[in-house]
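Subject: Structure for you to look at

Hello,

Here is the structure I said I would pass on. Please open it next to this message and follow along; my notes come below it.

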Amino acid sequence: MTSPTLLVAGTASHVGKSTVTAGLCRLLARRGLDVAPYKAQNMSNNARAVARADGDGFGEIGVSQYVQARAAGVSPTTDHNPVLLKPHGDGHSQLVVQGRAVGENTASDYYENHWEDARDAALTSHRRLADAADIVVAEGAGSIAEINLHHRDLANVETARFTDARILLVADIERGGVFASLVGTLELLPDDLREQVVGAVITKFRGDQTILEPGLDAFEARTGVPVLGVLPYDDPGLPEEDSLSLPAAGERATVGDDDGIEANEAVTIGVPRLPRISNFADLDPLAATPGVRVSYLPLGATLDGIDGVVLPGSKNTVDDLLALRDAGFDTELAAFDGPLVGLCGGYQLLGERIENAGVESTQGVETVEGLGLLPVVTRFSTEKRVEAVSVEFDGAGPLVGSTGRIDGYEIHMGRSRVVGDATALAGDGAATDRVAGTYIHDLFANRSPREAFLDAVYRSAGRERPEVERAHADPYEHAADLVGDNVDIDHLLDTLGVA
């Protein structure tokens with residue numbers, strides 16, 4: 001008999017499903033259970049390279065399932081997220097099944113021609129996980145109440161059915177209308193799934209919970225569904241999965257400015273808000289460092305007040321390059337004299353040109369002139385490199401002083417070659433005195449390159465780094481405490497038949 005599955009489903013997107021799932025994974029692992037996180041279908045450009053479940057190399061999964069596997073204390077594999085859709089722009093997404101890209105599709109093409117195969121892959125992965133673990137903790141996607149999608153909702157409705165999952169509803173009180181969201185979701189669920197709902201959790205609550213209690217009582221009396229917990233507003237520091245957490249493309253937002261460091265002791269890292277930005281969790285370690293602000297900039301912004309720049313990854317490097325140039329941001333970068341680092345797609349942007357651009361671009365171009373800030377030429381191919389890496393890193397330029405082994409991952413199409421005077425870096429990278437690029441994601445999660453870059457930014461800004469050290473709490477433990485202190489876990493496990 002396979003293990004039970006708990007489906008953490010939401011009333012909407014961005015209600016806290018990923019945090020609740022990660023917290024449950026760590027909490028149940030603390031209790032000695034073998035826990036398998038799972039999301040049948042994800043849509044995200046924030047991916048990680050992990051081992052394929054069949055043992056054949058590496059593949060991609062969404063960052064949340066990578067995080068949840070780490071929280072559960074298990075090695076992440078493609079079974080934890082067997083189907084991944086990576087939005088490409090112009091209504092297309094790259095379809096990744098069991099970690100490997102199998103094509104570019106519109107939504108209608110996916111549902112008409114690939115959905116059944118995707119469902120089979122999801123079912124196979126779940127069976128393997130459930131056969132090996134004590135409990136599977138699955139995460140839904142968006143809202144489970146999207147009635148136009150119920151006949152093909154792989155992450156929610158289909159998962160609940162083929163796993164016979166118990167369903168925990170998650171609703172966010174911060175956006176208002178939490179009880180209407182919960183009641184409406186229950187009303188719109190298919191009848192068979194309504195019977196599988198075992199409880200609800202309300203997230204992001206601020207204030208005195210006694211004021212909320214009459215609403216909780218009324219909801220339970222009306223629906224018969226117990227509210228198993230109310231989570232206070234808190235951020236454990238887990239990586240964000242999608243761009244909903246970022247400002248809109250035309251807006252500016254700064255993170256990391258709540259650390260108590262005075263403005264005259266801080267530096268600001270500018271990050272252009274590319275329309276197709278991906279893997280922006282690469283910036284989280286910088287924003288978490290005392291005295292460092294990460295400012296996401298609209299492409300029409302200036303670099304006034306910016307001390308260093310990081311060009312992030314992109315799901316469509318060529319089209320983002322054209323958008324950046326159309327907005328005049330290329331001129332801003334050319335005039336900028338501070339440290340500049342490009343990561344993956346951001347590295348490709350920095351070069352002299354991109355060849356065979358039609359492999360990726362929706363604009364019908366074959367060769368595109370780059371920003372010309374690194375003597376590098378990139379040529380795209382249909383072959384995609386997906387691999388976890390551990391390499392010796394010897395920094396140069398804005399990363400000078402960084403030495404030693406670093407860990408990260410690469411996910412990209414095409415290769416870059418140095419065609420001029422530059423120092424080679426790990427990750428097929430290159431550096432000049434002021435500019436550096438590499439294909440290695442998670443670069444700044446490694447202390448040595450992070451500290452080297454920030455030292456360079458402080459030097460360039462003419463400021464002394466503040467001698468403070470932020471206590472970096474374990475985000476997995478933080479998420480587990482948040483859930484464990486506020487959710488009736490024993491009741492939840494009883495409904496699953498797990499001791």
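Start at leucine 333, which touches Leu303, Val309, Leu311, Leu324, Leu340, Leu371, Leu373 and Arg434, leaving out residues up to four places away in sequence. Bear in mind that the model is predicted.

Leucine 333 is one of the residues that touch the most other members of the largest nonpolar core, which has 61 residues. The others named for this are Leu286, Leu371, Leu399, Phe444 and Phe453. Apart from this core lies another, of 44 residues, and Val83, Tyr110, Leu186 and Leu189 are among them.

Tyrosine 110 turns up again in the aromatic pairs. The structure holds four such pairs. In one of them, tyrosine 110 and tyrosine 111 are tilted, with 5.1 Å centre to centre and 50 degrees between the planes. Are these two tyrosines buried or partly exposed? Tyrosine 110 counts as buried because its relative accessibility is 3%, and buried means under 20%. Tyrosine 111 has 22% relative accessibility, so it counts as partly exposed.

Tyrosine 111 also has a charge over its ring: the charged end of arginine 152 sits 4.1 Å from the ring centre. A second arginine, arginine 48, lies over the face of tyrosine 66, at 5.8 Å from the centre of that ring.

Next, look at helix H7, residues 213-223. Which of its residues are buried? They are Gly215, Leu216, Phe219 and Thr223. These residues lie on the same side of H7, because they cover an arc of only 100 degrees around the axis. Pro214, Asp217 and Ala221, on the other side of H7, are exposed.

What covers the buried residues of H7? The cover includes two helices, H5 (178-188) and H6 (191-194), as well as two strands, S11 (197-205) and S12 (227-232). After H7 comes glycine 224, with a positive phi near 75 degrees.

Last, the annotation. UniProt, in an unreviewed entry, lists residues 7-235 as "domain: CobQ/CobB/MinD/ParA nucleotide binding". In the model, the chain over residues 7-235 is 38% helix and 30% strand. The C-alpha atoms at the two ends of that stretch are 22 Å apart.

Regards

Notes
Residues numbered from 1 in each chain as written. Predicted model: local features only at pLDDT ≥ 70, side-chain atom pairs only at ≥ 80, totals over all residues. Heavy atoms only, no water. UniProt positions renumbered as here; feature names shortened; annotations may be inferred. Helix = DSSP H or I, 4+ residues; strand = E, 2+ residues; numbered from the N terminus. Phe/Tyr/Trp six-rings, centres within 6.5 Å; stacked < 30°, edge-to-face > 60°. Buried < 20%, exposed > 50% of the residue type's maximum accessible area, 1.4 Å probe, protein only. Lys NZ or Arg CZ within 6 Å of the ring centre and 35° of its normal. Arc of directions from axis to C-beta. Contact = heavy atoms within 4.5 Å. Core = buried A, V, L, I, M, F, W, Y, C linked by side-chain atoms within 4.5 Å.
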